[in-house]
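Q: I should like a close look at a single part of this protein. Please examine the open sheet in detail, and then place it within the chain as a whole.

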Amino acid sequence: MVSSAASTDTTVIDRMYRVATGCGSVDAVDAEVAIGALSAVLAVLGTAAAFLQLRRTPAASVSTPPAAAVTGNRGEGGPLVVGDVPREPVSHMRCEELLAEVATALANSKVCVLMGGRGVGKTHLAATHVRDQLGADVARVLWIVADDLPAVVTSFADFARQAGAVDEVVDTEPAARTALRWLENESERSVIVFDNALDADAIARWIPQRGNVHVLITTTNQEFVVFGATVHVNVFTPAQAVTFLCSRAGLDDPRAAALVARELGQLPLALAQAGAVIRRHRWSFAEYLAGFRSMPLRSLLPRVPGDNYPRTLEEATLLSVSAVEDSDPSGLVRRLIDLMAVLSDVGVRRDLLRVLLDEPARVDEALGGLANASVVGFDVTGTRVAMHRLTRQVVLARARTEGRIRDTVPDALMLLTRATEAQPAPGVDVVDHIAEVWAETQTVLVGDCEDDETAAELLRLRRWSVQRLTGMGEFNRAVEVGLTVFTEHRAFAPSDDESVALARRALIDAYVIADRENEAIPYADQALADRVRLAGLDHPSTVGARNLLGYCCECGGQLDRALTIHRYNLVESIRVCGPDAPSTMVARINLASTYRSMGDLARAVPLFEENLAENVRVYGPDHGSTINARGELARSYVRTGRAAEGVRLHEENAALGTDQQRADIHLTWWPQYRAAAYSAAGRHDEAIGQLRALVQRVDDVLPHDNPQAIRLRLFLARALLAGRRHTEALVLFERTVADRERVLGIDHPASLNARRNFGLALAATGRRRRAHVILSAVVSDYTRVLGPEHPYTRTAQANFASLPKTRGFAWG
């Protein structure tokens, strides 16, 4: 039987014969020379064929290689290791839970896939498992760097030679196949690691189908999940990240290390490279962090010399990103990657990204491809897509270098505009996205007409952000963002542009609803001055600006100034806008409210009654302005001891649908006062039950330190005290003092009021000595902060003076 090699050689011989006999392109050759040459060629080819046939034959049967060959390669009875198993790195952290998952997975399926993004430590986890096994009973290990497919074949062929499955390797593919079959028939346990596998189809050919072989696959490609049990490898926990970074950097400063770790997204590779840089330069964590925010990524996260990882973090990230981009000729994947890079790293809701195309399924398919490559990840619900902050930083740097930021802005604007118009309105994540897009866009605006339109739209979205934070109860953040947004408007828009006035108003509203009205007064003053300058004294907008200033003064405790403003403004509103205008209704109710704040209920109540009658006449009984007028009159009735009348008015409002069953800071306003009216009327259980429900509803959705939530707890404390539930009431009063002092400061009028209420509650429950100490201090602080003649100071003085005489006090 003629082998394939012999058949090939015969064809060559025939060709040479034709040349030698003149039957080819050679016209004439001396016969003797030709015959001599032919004989020599035949001899050489025959020898070569025999040699090749010998070299390509396995040393013995595939299933039973010579025992001497195997034991000889294991080296004095130790396991055979082919390939470079990474050594234990400096400051190595064993992840015992993950190692246990790997052991369980291999016990059940023989193939374990370590899945995760670049740099999360998949390779080191696999290496740790292998090193553990080398100290146990494993007979042989084959470690393959699997991102280079030819290297997979070469590694198996090299294993065949070292294991003695073949004498020498001449043709790698047959030798590699021999190694695979040989492993499948060995009884001693072997371990194969495919490190950084990328192509699932190509690797599948080299997975043993039987035998005592454990296979570990590290990959970013989620298509490998079908191979066996999957262990997901994620970034370090915060505690692990701090421990690792401190050890790697040689510094003992956990608090500062936590800041660096957070900036690096707790990514193990980044932490390792950062730690090496910090140690090399003798930097502190603070110095590294300052540089990280201003210097190129490659200089602060370089490859560590001598480390097993062959690339910088930037190189590794771009390798993954480029691979998945190249697989999509439509360009949608790159468009999505660039878009997510300019948005916030908190993650993007999938429904927002779907607006990019009329075919949402194509967007889902592209996102799936990015997730399969571990460039992005989905949350557990599959509704939010996130890109690691360092991946985002690498992609963003590339987009800046290649000048693609301007191309991405239209997509971002379309997405964000759609989000702000959605019903129901989105959460605060859109606020984060708007901030990131605005920050990035400022670097590429050049001042042409198109850029002016882009800047105007982004500034509008920034104003929306302040309003959204206010509506979500994120008051302190609303103020912080509002200050920034107002500054941005003054920098990018003409000084008299309406957008500047709108940004100022958003900031004032944030201050007011955060109970920080004193800080709003300078902006309200400025707003009124601008209205007078631009519109004149006889314009409705000027009346509105004056109303706002007076309201801020009243809420901020500047009662005399508020009274002067509101008296004048009521007259002006009637003159400029007419007696039935909305501004006139507001001016009247603000004047009445100021009288009430000053303790002048004799003037306040008739004005509130007049205001309600005017609202009913002009707007009808169920208009929003009428509901507000009725509620304010009810509050005043309760303050004057007419609790039954107050309850009636509050219940009339409730019947008109003012109590919607959802937690909204604005919709808890009148229910809390209705409950207070019930308490004043002796209906304590109703009051306490309603207030408990309101507190629970608000606590479920608002930040813990929200001033509205604190106010509700104060209302509940008062109701509990009136219902003789003293212990619980005093705990809540004391908590309110602590909360207001922490959120608003110890000298804020609301904080002083909380302390006064706590002192009164102590007195009412017989704890007069402590009440005396607290109320005495409160009087001193009111005098220092507001002056001795301020109405709030006089009320505190009256409370303190009545302390030895009575248990009845007026709540403020």
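A: The account below begins with the sheet, turns to the strands within it, and then moves outward to the rest of the chain. It should be kept in mind throughout that the model is predicted.

The sheet has 6 strands and is open, with the order β1-β3-β4-β5-β2-β6 and parallel pairing. Its edge strands are β1 (80–82) and β6 (229–232), each of which pairs on one side only. From one strand to the next, the twist averages 15 degrees.

Consider next strand β4 (190–197). In the order of the sheet, β4 stands between β3 and β5. With β3, strand β4 pairs in the parallel sense over 6 bridges. One position shows how this pairing is made: Leu 142 has Ile 192 in β4 as its bridge partner. With β5, strand β4 again pairs in the parallel sense, over 6 bridges. Here Ala 197 has Thr 219 in β5 as its bridge partner. Strand β4 is also mostly covered, since 8 of its 8 residues are buried.

Strand β5 (residues 213–219) has a further partner in β2 (residues 111–115). These two strands run parallel and are joined by 5 bridges. Within this pairing, Val 111 stands opposite Val 215 in β5. A general rule helps when one inspects any such strand: in a regular strand, the side chains alternate between the two faces of the sheet.

A helix is also in contact with the sheet. Helix α6 (residues 149–163) lies across β1, β3 (140–145) and β4, and it runs at about 155 degrees to β3.

The sheet may now be set against the whole. The chain contains 37 helices and 9 strands. Of its 812 residues, 49% are buried. Among contacts between residues at least 6 apart in sequence, 66% join residues at least 24 apart. The accessible surface of the chain comes to about 36,900 Å², and carbon and sulfur atoms account for 54% of that surface.

Aromatic side chains offer another view of the chain. A pair of aromatic rings is described by the distance of the centres and the angle of the planes. The count comes to 12 aromatic pairs. One of them joins Trp 438 and Phe 492, whose ring centres are 5.0 Å apart and whose planes stand at 70 degrees, so the pair is edge-to-face. This pair links distant parts of the chain: Trp 438 belongs to helix α20 (residues 429–441) and Phe 492 to helix α22 (residues 475–492), 54 residues apart. Trp 438 counts as buried because its relative accessibility is 1%, whereas Phe 492, at 39%, counts as partly exposed.

Elsewhere, ring pairs link Trp 669, Trp 670, Tyr 673 and Phe 715 into a cluster. Arg 718 lies over the face of Phe 715, at 5.7 Å from the ring centre. In another such arrangement, the charged end of Arg 177 sits over the ring of Trp 206, 4.2 Å from its centre.

Finally, a charged residue in a helix may be considered. Asp 781 is placed in helix α36 (residues 768–786). Its relative accessible area is 18%, so Asp 781 is buried, the limit for that term being under 20%. Apart from neighbours within four places in sequence, Asp 781 is in contact with Leu 752 and Arg 755.

Key. Residues numbered from 1 in each chain as written. Predicted model: local features only at pLDDT ≥ 70, side-chain atom pairs only at ≥ 80, totals over all residues. Heavy atoms only, no water. Helix = DSSP H or I, 4+ residues; strand = E, 2+ residues; numbered from the N terminus. Buried < 20%, exposed > 50% of the residue type's maximum accessible area, 1.4 Å probe, protein only. Contact = heavy atoms within 4.5 Å. Areas by Shrake-Rupley, 256 points an atom, 1.4 Å probe, with all protein chains shown as cover. Phe/Tyr/Trp six-rings, centres within 6.5 Å; stacked < 30°, edge-to-face > 60°. Lys NZ or Arg CZ within 6 Å of the ring centre and 35° of its normal. Pairing = 2+ DSSP bridges. Axes fitted to C-alpha atoms, helices over the stretch in contact; angles between N-to-C directions.
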